[in-house]
Structures are given as C-alpha cells and as structure tokens.
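Trainee: Could you take me slowly through one part of this model, the largest pocket, and show me how its surroundings fit into the rest of the chain?

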Amino acid sequence: MKRPFSVTLAGMLVLILALWNALRAWTSLAWRSILNEYSVQMPPFFSAGMGSFWFIIGLTIAASIWKKNPWSIKLLSLAAIGYTIWYWSERMIWQNPRPNVPFAIIINLACLVIIYFASKSLSREAYERDIENPATE
C-alpha cells in the first residue's frame, strides 16, 4: 500500500530536522575554536552533543516510519514535544537577543500541525492496520 501524504510529509520533516541537527553538531565541533574565541553563550561541545542526540533520535524515527512500525507515531509525538521544549528552552536561555520570534513560532506550529495530522489521520490508521493484519479487508 502506498504511504499517505501526511506520513510521507512527516517522514521528510523528521529527516530534514535530523540533518539540520547533524549539520549543527558538525559545525559546532569544526568551528569550536572560533566559537570559543567569540565567547558564544552555549559551549560548542554542549551544542554538538545536543545536535548529535537529536540527529540519532531523528534517524530512529525516520527509519521506524519507513519500516512501518506501529510504535513510530508514538515516538514521533514524544520527540515532537521534547524537541519543542528543548528548542524553546535553548532559545530563551542561550540566545540573546532573540531574533525573529514570530517566524520561529509559525515554523514550530506548522511542524507540530503536520505531526498531529500525520498521527491522527485516518489514512495513517488504515496504513498501519494493513501492515499489522493484511487479511482485514
């Protein structure tokens, strides 16, 4: 069965965020001397560690979505909540000034809406039901 559009969109969103965090981890390590020279507020190793953590979580979720694991949607929902809390707490603690807050809010809400509809859509439930018990219909 072909994946529903909402599932594909959620999977692509997870991959984009995972790659963004991989890039963040790499640049934090590669440019740590320059970041230390300019006295950034967040230590580069902390930034690299958090980027690596979210990269691994993102790859795990993306792989579970593509493998059609039924638990992937629960992990996706938990990770979306955790990532949102982490993003906004990091933004409020480490960033000063806080540029472009309306844009960040709109993008964060758009991502949460995509994840919500992917997890609650009837096509997602039908997609999982066909995997668990192919002889249902």
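**The largest pocket and its surroundings**

Mentor: In this predicted model, the largest pocket has a volume of about 1,100 Å³. Its lining is made up of 43 residues, and those closest to the centre of the pocket are Trp20, Arg24, Tyr83, Trp86 and Tyr87. As for the idea behind such a search, rolling a probe the size of a water molecule over the atoms shows where empty space is left.

It helps to ask next which parts of the chain supply this lining. Helix H1, helix H3 (44-66), helix H4 and helix H5 (101-120) each contribute at least two residues to the lining of the largest pocket. When the lining is sorted by class, 29 residues are nonpolar, 11 are polar and 3 are charged.

Arg24, one of the residues closest to the centre of the pocket, deserves a careful look, since Arg24 forms a salt bridge with Glu90, in which the closest N and O atoms are 2.7 Å apart. This pair links distant parts of the chain, for Arg24 belongs to helix H1 (residues 5-30) and Glu90 to helix H4 (residues 72-94), with their positions 66 residues apart. The structure holds 1 salt bridge in total, and you may want to know whether its two partners are buried or exposed. With buried meaning under 20% relative accessible area, Arg24 counts as buried because its relative accessibility is 16%, and Glu90 is likewise buried because its relative accessible area is 12%.

Helix H1 also contains Leu9, and this residue makes a useful second stop on the same helix. Leu9 has a relative accessible area of 33%, so it is classed as partly exposed. The C-alpha atoms of Leu9 and Ile115 are separated by 8.6 Å, although the two residues are 106 residues apart along the chain.

Stepping back to the whole protein chain, you will find 6 helices and 0 strands, which follow one another along the sequence in the pattern α-α-α-α-α-α. Of the contacts in the chain with a separation of 6 or more, 70% are accounted for by residues 24 or more positions apart. Buried residues make up 34% of the 137 residues, while the accessible surface of the chain comes to about 8,800 Å², with 72% of that surface belonging to carbon and sulfur atoms.

Methods
Residues numbered from 1 in each chain as written. Predicted model: local features only at pLDDT ≥ 70, side-chain atom pairs only at ≥ 80, totals over all residues. Heavy atoms only, no water. Helix = DSSP H or I, 4+ residues; strand = E, 2+ residues; numbered from the N terminus. Buried < 20%, exposed > 50% of the residue type's maximum accessible area, 1.4 Å probe, protein only. Contact = heavy atoms within 4.5 Å. Areas by Shrake-Rupley, 256 points an atom, 1.4 Å probe, with all protein chains shown as cover. Salt bridge = Lys/Arg side-chain N within 4 Å of Asp/Glu carboxyl O. 1 Å grid on protein atoms, 1.4 Å probe; cavity = no way out; pocket = protein on both sides within 12 Å on 5 of 7 lines; lining within 4 Å. Points joined across faces, edges and corners; volume = space filled by probe spheres on them. Nonpolar A, V, L, I, M, F, W, Y, C, P; charged D, E, K, R; others polar.
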